[in-house]
Amino acid sequence: MRATCRNWWPTPASFTSPPQRMQYRAPRWLPGGHAQTIWPALFSRQHDGPPPRWTRERWDTPDGDFIDVDFLADAPAGAPLLVLFHGLEGDRTSHSSVAFASAARARGWAMALPHFRGCSGELNRAPRAYHSGDYEEVGWILQRLRERHGAPLRVAGVSLGGNALLRWAEEAGHSASAVAHAVCSICSPIDLAAAGAAIDRGFNKAVYARRFLRTMIPKALRKLQQHPGLFDGERLKRVNTIYEFDNLFTAPLHGFKNTEDYWTRAAAKPHLHRIRIPALVLNARNDPFVPGHSLPHAAEVGTHVTLWQPGHGGHVGFPAGTLPGHLLTMPEQVCDWLARQG
(Lines give C-alpha, C1' and ligand atoms only; values in the text may rest on other atoms or scores of the structure.)
Protein backbone atom coordinates (compact mmCIF):
# COMPACT_ATOMS: atom_id res chain seq x y z
CA MET A 1 0.00 0.00 0.00
CA ARG A 2 1.28 3.44 -0.90
CA ALA A 3 1.86 5.74 2.05
CA THR A 4 0.47 9.27 1.73
CA CYS A 5 -0.14 12.21 4.05
CA ARG A 6 -3.59 13.26 2.94
CA ASN A 7 -5.09 14.02 6.36
CA TRP A 8 -2.60 16.37 7.97
CA TRP A 9 -0.33 19.16 6.85
CA PRO A 10 1.62 21.75 8.83
CA THR A 11 0.74 25.40 8.92
CA PRO A 12 2.92 27.66 6.72
CA ALA A 13 5.71 27.86 9.29
CA SER A 14 9.14 26.40 8.82
CA PHE A 15 10.16 23.02 10.13
CA THR A 16 13.01 20.62 9.53
CA SER A 17 11.96 17.74 11.79
CA PRO A 18 8.30 17.09 10.97
CA PRO A 19 6.12 14.88 13.15
CA GLN A 20 6.28 11.13 12.67
CA ARG A 21 3.48 10.89 10.13
CA MET A 22 5.11 13.53 7.88
CA GLN A 23 8.48 11.80 7.61
CA TYR A 24 9.50 10.06 4.42
CA ARG A 25 11.14 6.69 4.96
CA ALA A 26 13.01 5.03 2.13
CA PRO A 27 12.50 1.28 1.59
CA ARG A 28 14.94 -0.88 3.51
CA TRP A 29 15.96 -2.57 0.26
CA LEU A 30 17.31 0.74 -1.13
CA PRO A 31 19.66 2.41 1.36
CA GLY A 32 21.75 5.50 0.70
CA GLY A 33 21.46 8.72 -1.25
CA HIS A 34 23.09 7.45 -4.44
CA ALA A 35 20.88 4.36 -4.63
CA GLN A 36 17.79 6.45 -3.88
CA THR A 37 18.76 8.78 -6.74
CA ILE A 38 19.83 6.34 -9.46
CA TRP A 39 17.52 3.35 -8.98
CA PRO A 40 14.21 5.30 -9.03
CA ALA A 41 15.21 7.15 -12.19
CA LEU A 42 15.98 3.90 -13.99
CA PHE A 43 13.77 1.17 -12.59
CA SER A 44 10.92 2.28 -10.31
CA ARG A 45 7.34 2.60 -11.53
CA GLN A 46 6.60 6.19 -12.54
CA HIS A 47 2.82 6.20 -13.04
CA ASP A 48 -0.46 4.47 -12.25
CA GLY A 49 -2.43 3.21 -15.22
CA PRO A 50 -1.38 4.01 -18.79
CA PRO A 51 1.45 6.47 -19.42
CA PRO A 52 0.32 10.11 -19.38
CA ARG A 53 -0.44 11.60 -22.79
CA TRP A 54 0.46 15.14 -23.77
CA THR A 55 -0.48 17.81 -26.25
CA ARG A 56 2.11 20.41 -27.25
CA GLU A 57 1.97 24.11 -27.96
CA ARG A 58 4.78 26.31 -29.24
CA TRP A 59 4.94 29.79 -27.76
CA ASP A 60 6.88 32.66 -29.27
CA THR A 61 8.94 34.46 -26.65
CA PRO A 62 9.21 38.25 -26.36
CA ASP A 63 12.80 38.14 -27.64
CA GLY A 64 11.95 36.30 -30.88
CA ASP A 65 12.72 32.78 -29.67
CA PHE A 66 10.31 29.99 -28.71
CA ILE A 67 9.52 27.49 -25.99
CA ASP A 68 7.39 24.35 -26.12
CA VAL A 69 4.73 23.77 -23.46
CA ASP A 70 3.15 20.36 -22.98
CA PHE A 71 -0.32 19.94 -21.50
CA LEU A 72 -1.71 16.78 -19.95
CA ALA A 73 -4.21 15.42 -22.46
CA ASP A 74 -7.91 15.00 -21.66
CA ALA A 75 -7.89 17.09 -18.48
CA PRO A 76 -11.40 18.07 -17.32
CA ALA A 77 -12.55 21.55 -18.26
CA GLY A 78 -12.19 24.01 -15.39
CA ALA A 79 -9.88 21.72 -13.42
CA PRO A 80 -7.17 23.19 -11.17
CA LEU A 81 -3.93 23.68 -13.09
CA LEU A 82 -0.64 22.26 -11.85
CA VAL A 83 2.46 23.76 -13.47
CA LEU A 84 5.72 21.82 -13.25
CA PHE A 85 9.15 23.20 -14.15
CA HIS A 86 11.61 20.41 -14.92
CA GLY A 87 15.23 20.11 -13.85
CA LEU A 88 18.58 20.38 -15.61
CA GLU A 89 18.30 18.73 -19.05
CA GLY A 90 14.84 17.46 -18.14
CA ASP A 91 11.70 17.20 -20.26
CA ARG A 92 8.30 15.51 -20.23
CA THR A 93 9.92 12.06 -20.21
CA SER A 94 11.84 12.71 -16.96
CA HIS A 95 10.77 10.36 -14.20
CA SER A 96 9.62 13.25 -12.01
CA SER A 97 7.58 14.76 -14.86
CA VAL A 98 5.79 11.46 -15.49
CA ALA A 99 5.15 10.88 -11.78
CA PHE A 100 3.68 14.35 -11.28
CA ALA A 101 1.53 13.92 -14.39
CA SER A 102 0.19 10.66 -12.96
CA ALA A 103 -0.56 12.31 -9.62
CA ALA A 104 -2.30 15.25 -11.33
CA ARG A 105 -4.38 12.94 -13.52
CA ALA A 106 -5.50 10.90 -10.53
CA ARG A 107 -6.83 14.08 -8.91
CA GLY A 108 -8.62 15.29 -12.03
CA TRP A 109 -6.22 18.21 -12.36
CA ALA A 110 -4.91 19.79 -15.53
CA MET A 111 -1.13 20.07 -15.86
CA ALA A 112 1.26 22.18 -17.89
CA LEU A 113 4.92 21.33 -18.34
CA PRO A 114 6.89 24.20 -19.89
CA HIS A 115 10.21 23.14 -21.41
CA PHE A 116 13.15 25.42 -20.80
CA ARG A 117 14.76 26.62 -24.01
CA GLY A 118 16.40 23.82 -25.94
CA CYS A 119 14.96 21.02 -23.79
CA SER A 120 11.91 20.00 -25.84
CA GLY A 121 13.81 18.12 -28.54
CA GLU A 122 14.50 21.08 -30.83
CA LEU A 123 17.26 23.62 -30.32
CA ASN A 124 16.00 27.12 -29.63
CA ARG A 125 16.95 29.97 -31.94
CA ALA A 126 18.39 32.68 -29.67
CA PRO A 127 22.04 32.95 -28.51
CA ARG A 128 21.06 31.74 -25.05
CA ALA A 129 19.76 28.63 -23.30
CA TYR A 130 18.41 28.46 -19.73
CA HIS A 131 19.82 28.68 -16.22
CA SER A 132 19.04 28.23 -12.53
CA GLY A 133 18.10 31.86 -11.96
CA ASP A 134 15.88 32.26 -15.02
CA TYR A 135 13.09 33.90 -13.00
CA GLU A 136 12.05 36.36 -15.71
CA GLU A 137 11.31 33.47 -18.07
CA VAL A 138 9.43 31.67 -15.29
CA GLY A 139 7.41 34.79 -14.61
CA TRP A 140 6.49 35.26 -18.27
CA ILE A 141 5.38 31.61 -18.54
CA LEU A 142 3.32 31.75 -15.35
CA GLN A 143 1.63 35.01 -16.28
CA ARG A 144 0.58 33.60 -19.64
CA LEU A 145 -0.75 30.41 -18.05
CA ARG A 146 -2.55 32.44 -15.37
CA GLU A 147 -4.32 34.57 -17.98
CA ARG A 148 -5.29 31.47 -19.91
CA HIS A 149 -6.45 29.47 -16.90
CA GLY A 150 -8.40 32.27 -15.24
CA ALA A 151 -7.41 31.37 -11.69
CA PRO A 152 -4.22 31.30 -9.61
CA LEU A 153 -1.94 28.34 -10.32
CA ARG A 154 -0.39 25.56 -8.28
CA VAL A 155 3.29 25.45 -9.20
CA ALA A 156 6.16 23.08 -8.52
CA GLY A 157 9.72 22.97 -9.75
CA VAL A 158 12.22 20.12 -9.75
CA SER A 159 15.92 20.73 -9.03
CA LEU A 160 17.06 23.60 -11.30
CA GLY A 161 13.42 24.40 -12.12
CA GLY A 162 12.62 24.67 -8.44
CA ASN A 163 15.42 27.15 -7.78
CA ALA A 164 14.27 29.31 -10.71
CA LEU A 165 10.69 29.12 -9.42
CA LEU A 166 11.72 30.26 -5.94
CA ARG A 167 13.71 33.11 -7.47
CA TRP A 168 10.54 34.19 -9.27
CA ALA A 169 8.53 34.11 -6.03
CA GLU A 170 11.26 36.07 -4.28
CA GLU A 171 11.40 38.76 -6.95
CA ALA A 172 7.61 38.94 -7.36
CA GLY A 173 6.94 39.45 -3.64
CA HIS A 174 3.32 40.28 -2.88
CA SER A 175 2.39 40.34 -6.58
CA ALA A 176 3.03 36.58 -6.82
CA SER A 177 -0.34 35.88 -5.16
CA ALA A 178 -2.17 37.17 -8.23
CA VAL A 179 -0.47 34.45 -10.29
CA ALA A 180 -0.03 31.44 -8.00
CA HIS A 181 -1.72 30.03 -4.92
CA ALA A 182 1.53 28.40 -3.79
CA VAL A 183 4.90 27.12 -5.01
CA CYS A 184 7.03 24.11 -4.17
CA SER A 185 10.68 23.40 -4.95
CA ILE A 186 11.86 19.80 -4.94
CA CYS A 187 15.51 18.87 -4.38
CA SER A 188 16.57 22.26 -5.67
CA PRO A 189 20.19 23.47 -5.40
CA ILE A 190 19.16 26.65 -3.62
CA ASP A 191 22.80 27.15 -2.53
CA LEU A 192 24.27 26.87 -6.01
CA ALA A 193 27.89 27.23 -4.92
CA ALA A 194 27.61 24.33 -2.46
CA ALA A 195 25.77 22.15 -4.97
CA GLY A 196 28.17 23.03 -7.76
CA ALA A 197 31.16 22.11 -5.64
CA ALA A 198 29.52 18.84 -4.58
CA ILE A 199 28.62 17.64 -8.07
CA ASP A 200 32.13 18.23 -9.38
CA ARG A 201 33.82 15.91 -6.86
CA GLY A 202 34.54 12.18 -6.78
CA PHE A 203 31.67 9.81 -7.57
CA ASN A 204 29.35 12.74 -8.24
CA LYS A 205 31.66 14.05 -10.95
CA ALA A 206 32.14 10.62 -12.49
CA VAL A 207 28.42 9.82 -12.62
CA TYR A 208 26.12 12.85 -12.35
CA ALA A 209 28.27 15.64 -13.81
CA ARG A 210 29.34 13.39 -16.68
CA ARG A 211 25.72 12.48 -17.39
CA PHE A 212 24.65 16.13 -17.57
CA LEU A 213 27.63 17.19 -19.67
CA ARG A 214 26.96 14.34 -22.11
CA THR A 215 23.94 16.29 -23.41
CA MET A 216 24.86 19.84 -22.44
CA ILE A 217 28.11 20.00 -24.40
CA PRO A 218 26.67 18.77 -27.74
CA LYS A 219 23.75 21.19 -27.41
CA ALA A 220 26.15 24.04 -26.69
CA LEU A 221 28.23 23.14 -29.74
CA ARG A 222 25.09 23.16 -31.87
CA LYS A 223 24.36 26.60 -30.43
CA LEU A 224 27.83 27.66 -31.59
CA GLN A 225 26.96 26.50 -35.11
CA GLN A 226 23.88 28.74 -34.96
CA HIS A 227 25.88 31.69 -33.65
CA PRO A 228 29.56 31.44 -34.65
CA GLY A 229 31.94 33.14 -32.26
CA LEU A 230 29.55 32.92 -29.30
CA PHE A 231 32.19 31.15 -27.19
CA ASP A 232 35.36 29.06 -27.56
CA GLY A 233 34.21 25.71 -28.94
CA GLU A 234 37.60 24.01 -28.58
CA ARG A 235 37.71 24.88 -24.90
CA LEU A 236 34.18 23.62 -24.46
CA LYS A 237 35.11 20.23 -25.90
CA ARG A 238 37.65 19.83 -23.08
CA VAL A 239 35.23 20.73 -20.27
CA ASN A 240 34.71 17.99 -17.67
CA THR A 241 33.09 19.86 -14.76
CA ILE A 242 29.86 21.78 -14.31
CA TYR A 243 31.94 24.71 -13.02
CA GLU A 244 33.89 24.91 -16.29
CA PHE A 245 30.75 24.58 -18.39
CA ASP A 246 29.02 27.37 -16.49
CA ASN A 247 32.12 29.57 -16.72
CA LEU A 248 32.42 29.15 -20.48
CA PHE A 249 28.78 28.88 -21.54
CA THR A 250 26.02 29.43 -18.97
CA ALA A 251 27.35 32.52 -17.21
CA PRO A 252 28.44 34.70 -20.15
CA LEU A 253 25.43 33.81 -22.34
CA HIS A 254 23.01 34.91 -19.62
CA GLY A 255 24.56 38.11 -18.35
CA PHE A 256 26.80 36.85 -15.56
CA LYS A 257 30.48 37.70 -15.16
CA ASN A 258 31.62 34.15 -14.39
CA THR A 259 30.58 31.00 -12.55
CA GLU A 260 30.96 32.57 -9.12
CA ASP A 261 28.80 35.53 -10.12
CA TYR A 262 26.18 33.20 -11.63
CA TRP A 263 26.03 30.86 -8.66
CA THR A 264 25.84 33.79 -6.22
CA ARG A 265 23.18 35.86 -8.00
CA ALA A 266 21.01 32.95 -9.16
CA ALA A 267 20.81 31.10 -5.83
CA ALA A 268 17.43 31.18 -4.08
CA LYS A 269 18.61 30.48 -0.54
CA PRO A 270 19.71 34.03 0.41
CA HIS A 271 16.31 35.49 -0.57
CA LEU A 272 13.82 33.01 0.91
CA HIS A 273 12.70 35.59 3.46
CA ARG A 274 11.30 37.72 0.61
CA ILE A 275 8.66 35.17 -0.44
CA ARG A 276 5.09 36.32 0.23
CA ILE A 277 3.04 33.30 -0.90
CA PRO A 278 3.04 29.79 0.61
CA ALA A 279 6.22 28.01 -0.46
CA LEU A 280 7.30 24.46 0.33
CA VAL A 281 11.05 23.84 0.07
CA LEU A 282 11.61 20.07 0.00
CA ASN A 283 15.14 18.65 0.15
CA ALA A 284 16.32 15.21 1.19
CA ARG A 285 19.26 15.51 3.54
CA ASN A 286 21.06 12.64 1.80
CA ASP A 287 20.84 14.23 -1.65
CA PRO A 288 24.24 13.45 -3.21
CA PHE A 289 24.75 16.86 -4.77
CA VAL A 290 22.62 19.19 -2.66
CA PRO A 291 24.60 18.90 0.61
CA GLY A 292 22.56 18.73 3.79
CA HIS A 293 24.84 21.26 5.49
CA SER A 294 23.92 23.84 2.84
CA LEU A 295 20.15 23.65 3.44
CA PRO A 296 18.41 26.57 5.16
CA HIS A 297 17.33 26.63 8.77
CA ALA A 298 14.00 27.97 9.99
CA ALA A 299 15.59 31.22 11.13
CA GLU A 300 16.82 31.92 7.58
CA VAL A 301 13.40 31.94 5.90
CA GLY A 302 10.22 33.95 6.20
CA THR A 303 6.90 32.86 7.67
CA HIS A 304 5.52 31.96 4.25
CA VAL A 305 8.13 29.26 3.73
CA THR A 306 7.79 25.67 4.91
CA LEU A 307 10.97 23.59 5.03
CA TRP A 308 10.65 19.83 4.69
CA GLN A 309 14.00 18.08 4.96
CA PRO A 310 13.54 14.32 5.34
CA GLY A 311 16.66 12.31 6.04
CA HIS A 312 16.27 10.15 2.95
CA GLY A 313 15.09 10.34 -0.64
CA GLY A 314 18.21 11.11 -2.67
CA HIS A 315 17.99 13.60 -5.52
CA VAL A 316 14.42 13.60 -6.88
CA GLY A 317 14.11 9.94 -5.95
CA PHE A 318 11.87 9.27 -2.94
CA PRO A 319 11.11 5.66 -3.92
CA ALA A 320 8.43 3.81 -1.97
CA GLY A 321 6.89 0.36 -1.81
CA THR A 322 8.28 -3.07 -2.57
CA LEU A 323 10.91 -3.85 -5.17
CA PRO A 324 11.24 -2.22 -7.74
CA GLY A 325 9.34 0.58 -5.97
CA HIS A 326 7.28 3.48 -7.26
CA LEU A 327 7.73 7.26 -7.42
CA LEU A 328 4.22 8.44 -6.60
CA THR A 329 4.36 9.14 -2.86
CA MET A 330 6.33 12.38 -3.12
CA PRO A 331 4.26 13.90 -5.95
CA GLU A 332 1.07 12.99 -4.09
CA GLN A 333 2.30 14.68 -0.92
CA VAL A 334 3.40 17.78 -2.81
CA CYS A 335 0.03 17.96 -4.58
CA ASP A 336 -1.71 17.54 -1.23
CA TRP A 337 0.22 20.48 0.15
CA LEU A 338 -0.45 22.64 -2.90
CA ALA A 339 -4.17 21.81 -2.75
CA ARG A 340 -4.34 22.84 0.91
CA GLN A 341 -2.89 26.24 0.11
CA GLY A 342 -5.45 26.82 -2.64
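Two strands pair if DSSP finds at least two bridges between them. Helices (H or I, at least four residues) and strands (E, at least two) are themselves DSSP runs, numbered from the N terminus. With these terms, Val83 can be placed opposite Ala112 in S4.

The structure is a predicted model, in which local features need pLDDT of at least 70 and side-chain atom pairs count only at pLDDT 80 or more, while totals for chains, interfaces and linings use all residues. Residues are numbered from 1 along each chain as its sequence is written, and side-chain values use heavy atoms, with hydrogens and water left out.

The sheet comes first. It is an open sheet of 8 strands, in the order S1-S2-S4-S3-S5-S6-S7-S8, and its pairing is mixed. Strand S1 (54-60) and strand S8 (305-308) are the edge strands, each pairing on one side only. From one strand to the next, the twist averages 20°. For such angles, axes are lines fitted to C-alpha atoms (for helices over the stretch in contact), and the angles run from 0 to 180 degrees between N-to-C directions.

The sheet can be followed from S4 towards S8. Strand S4 (residues 110-114) and S3 run parallel and are joined by 3 bridges. Strand S3 (residues 81-85) is also joined to S5, again in parallel, by 4 bridges. Here Phe85 has Gly157 of S5 as its bridge partner. S5 in turn pairs with strand S6 (residues 180-186) in the parallel sense over 6 bridges, and Val155 stands opposite Val183 in S6. Val183 also stands opposite Ala279 in S7, where S6 and S7 pair in the parallel sense over 4 bridges. Finally, S7 and S8 pair in the parallel sense over 4 bridges, and the bridge partner of Val281 in S8 is Leu307.

How is the chain connected between S5 and S6? S5, helix H4 (residues 160-172) and S6 make a right-handed β-α-β unit. A crossover is called right-handed if, with the strands pointing away from the viewer, the path from the first strand over the helix to the second runs clockwise.

The next topic is burial. A residue is buried under 20% relative accessible area, exposed over 50%, and partly exposed in between (1.4 Å probe, protein chains only). Strand S5 (residues 153-158) is mostly covered, with 6 of its 6 residues buried. Leu153, Val155 and Gly157 lie on one side of S5, and Arg154, Ala156 and Val158 on the other; both faces are covered. Strand S7 (residues 279-282) also has both faces covered, with Ala279 and Val281 buried on one side and Leu280 and Leu282 buried on the other.

Side chains of opposite charge are the next topic. A salt bridge is a side-chain nitrogen of Lys or Arg within 4 Å of a carboxyl oxygen of Asp or Glu. The whole structure has 18 salt bridges. In one of them, Asp48 meets Arg45, with the closest N and O atoms 2.4 Å apart. Asp48 counts as partly exposed because its relative accessibility is 31%, and Arg45 is partly exposed at 37%.

A second salt bridge joins the side chains of Arg107 and Asp336 (2.2 Å, N to O). This pair links distant parts of the chain, with Arg107 in helix H2 (residues 95-107) and Asp336 in helix H10 (residues 329-341), 229 residues apart. Arg107 is partly exposed, with a relative accessible area of 26%, whereas Asp336 counts as buried at 7% relative accessibility.

A third salt bridge lies within a helix: Glu234 and Lys237 meet at 3.2 Å, N to O. These residues are 3 apart in helix H7 (residues 233-237), so they are separated by about one helical turn. Glu234 counts as partly exposed, at 49% relative accessibility. Elsewhere, salt bridges that share partners join Asp63, Asp65, Arg117 and Glu137 into one network.

One member of that network, Asp65, is found in the loop between S1 and strand S2 (66-72). Is Asp65 buried or exposed? Asp65 is buried, with a relative accessible area of 0%. Its side chain makes a polar contact with the side chain of Arg117 (3.0 Å). A polar contact is a pair of N or O atoms within 3.5 Å; within protein, one must be able to donate a hydrogen and the other to accept it, and residues adjacent in sequence count only if both atoms are side-chain atoms. Contact in the general sense means heavy atoms within 4.5 Å. Leaving aside neighbours within four places in sequence, Asp65 is in contact with Trp59, Asp60, Arg117, Asn124, Arg125 and Ala126.
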